[in-house]
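Please open the model in your viewer and keep the selection tool at hand. The stops below follow one another, each with something to select and a note on what is there.

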Amino acid sequence: MLSDSRLLFKLWLKNPFKIGAVAVSSPELAAAMARHIPNRAEGYVVELGGGTGPVTRAILECGVARNRLVWSSATRSSTGISPSVIRA
């Protein structure tokens, strides 16, 4: 499996005008963002541009249930799944 950085670079090479990130989010940045998600049992958490994993992992680690997480990506993810909207 490719490292997060190598995966992002490979995706950028395939679609340089669709990839806006210049680096993969660090686990520390992802955790800092995820801490601001309200901790309640109802509603969904939507991750836009998910794909390499650090932010998704942080969202799940902060206590968001898998059935509340929905993410969207314009590119194939590291999971090998490529629909436009994926429910975790």
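Begin by selecting Arg68, which lies in the loop between α3 (54-61) and β2 (69-72), where helices (H or I, at least four residues) and strands (E, at least two) are DSSP runs, numbered from the N terminus. This is a predicted model, in which local features need pLDDT of at least 70 and side-chain atom pairs count only at pLDDT 80 or more, while totals for chains, interfaces and linings use all residues. Residues are numbered from 1 along each chain as its sequence is written, and side-chain values use heavy atoms, with hydrogens and water left out.

Arg68 is buried (under 20% relative accessible area, 1.4 Å probe, protein chains only), yet it has no salt bridge (a side-chain nitrogen of Lys or Arg within 4 Å of a carboxyl oxygen of Asp or Glu). The nearest side chain of opposite charge, with Arg counted as positive and Glu as negative, is Glu42, 7.2 Å away.

Select Val45 next: leaving aside neighbours within four places in sequence, Val45 is in contact (heavy atoms within 4.5 Å) with residues including Arg68, Ile59 and Leu69.

Now show the largest nonpolar core (buried Ala, Val, Leu, Ile, Met, Phe, Trp, Tyr and Cys residues joined through side-chain atoms within 4.5 Å), whose 8 residues are Ala30, Ala34, Val45, Val55, Ala58, Ile59, Val64 and Leu69. The most is given to this core by α3, with 3 residues.

Finally, select α3, where Pro54, Val55, Thr56, Ala58 and Ile59 are buried, and where the cover over the buried residues includes α1 (4-14), α2, β1 (45-48) and β2. After α3 comes Gly63, with a positive phi near 110°.

Conventions. Buried means under 20% relative accessible area, exposed over 50%, partly exposed in between (1.4 Å probe, protein chains only).
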